[in-house]
Amino acid sequence: MVFLAFAQSQNEWADKAYTYMEQDSLAQAEDCFKRAIEASPTSKQNAMLLSNLGAVQYRRGLLHEAIESYTLALNHSPLAIPILMARATAYLALGNDAKAYTDLCNVLDKDNNHADALYYRAFVYTNRHEYAAARADYKRLLALKPDYENGLLGLALLDQREGRLQSAELQLTTLVERHPLNPTYLQARANVLIERELYDLALLDLEAAIALHPTDAYIYIARAELYLKMQRRTAAKNDLNKAVALGFPRLSLSELYKQCE
């Protein structure tokens, strides 16, 4: 009867936690998940509860706490791929590529076709400047899922890093054609065109990106930098002023303002 009472209490707290999650009441959900785990510390469902606790903490921006919860969950279920992926994502958000890499490799040891693990490991390899390894993961990923957008973007950005600018432009053009309402792809292609010194074409992409997302200060800053390359200082200053009006700190743009003089 005592065990039944504990189990019932845990289930009640868990039900409350899931309800709060659905309502996006994350602080309350976190508290209820903790109470559910405390109600029955040896319960077999604690791996799941700890994983969900970590997810709530991640959404709250409590990354260290989320990693601790995921680690405790993995103590109960060491090879659970969703938990390993969740912890790897949290490590990446903290900039801890080394620990994320270990988790991602563990995932791929168990499932060598895991698309998200391939994508994130390629990202880590790129950060390490291990471009051949990154390219291998991107190609493997795209062989499995040819329409994996982040993989296509990642490979294009890798080409850009390695100076394969025409290849990068071609891949980004494919993304722009498939998703003409996505300003990210337009801005990425503009960056490649700028490296190729095709300033007029880059300007067209940035203008299209601004038309799609007129409240994005970063696009105005990108266009201001392009205007400076084109010796259009007044236009550059106007874009910097727009970025500041949208909330970007003016002090952070002081060097660019100096170039407008």
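A pocket is found on a 1 Å grid over the protein atoms alone: it is an open set of points with protein on both sides within 12 Å along at least five of seven lines, and its lining residues have an atom within 4 Å of a point. A volume is the space filled by probe spheres set on the points, with grid points joined across faces, edges and corners.

The model is predicted, so local features need pLDDT of at least 70 and side-chain atom pairs count only at pLDDT 80 or more, while totals for chains, interfaces and linings use all residues. Residues are numbered from 1 along each chain as its sequence is written, and side-chain values use heavy atoms, with hydrogens and water left out.

**Exercise 1. Describe the largest pocket and its lining.**

Step 1. The volume of the largest pocket is about 220 Å³.

Step 2. Residues of the lining include Tyr119, Phe123, Tyr138, Leu157 and Arg161.

Step 3. Helices are DSSP runs (H or I, at least four residues), numbered from the N terminus. α7 and α9 (149–161) each supply at least two lining residues, and α9 gives the largest share, six residues.

Step 4. Sort the lining by class: six residues are nonpolar, four polar and one charged. Here Ala, Val, Leu, Ile, Met, Phe, Trp, Tyr, Cys and Pro count as nonpolar, Asp, Glu, Lys and Arg as charged, and the others, Gly among them, as polar.

**Exercise 2. Characterise aromatic pairs in the structure.**

Step 1. Rings of Phe, Tyr and Trp (its six-membered ring) pair if their centres lie within 6.5 Å; planes under 30 degrees apart are stacked, over 60 edge-to-face and the rest tilted. A search of the whole structure gives six aromatic pairs.

Step 2. Tyrosine 18 and phenylalanine 33 pair edge-to-face, with 5.3 Å between centres and 80° between planes. This pair joins helix α1 (residues 2–22) to helix α2 (residues 26–39), across 15 residues.

Step 3. Tyrosine 18 is partly exposed at 26% relative accessibility, whereas phenylalanine 33 is buried at 0%. Buried means under 20% relative accessible area, exposed over 50%, partly exposed in between (1.4 Å probe, protein chains only).

Step 4. Tyrosine 101 and tyrosine 125 are also edge-to-face, at 5.6 Å and 70°. Tyrosine 101 lies in helix α6 (residues 97–110) and tyrosine 125 in helix α7 (residues 115–127).

**Exercise 3. Find the charge over the ring of tyrosine 101.**

Step 1. The criterion is NZ of Lys or CZ of Arg within 6 Å of the ring centre and within 35 degrees of the ring normal.

Step 2. The charged end of arginine 128 sits over this ring, 4.2 Å from its centre.

Terms used
On a 1 Å grid over the protein atoms alone, a cavity is a set of points where a 1.4 Å probe fits but cannot get out, and a pocket is an open set with protein on both sides within 12 Å along at least five of seven lines; lining residues have an atom within 4 Å of a point.
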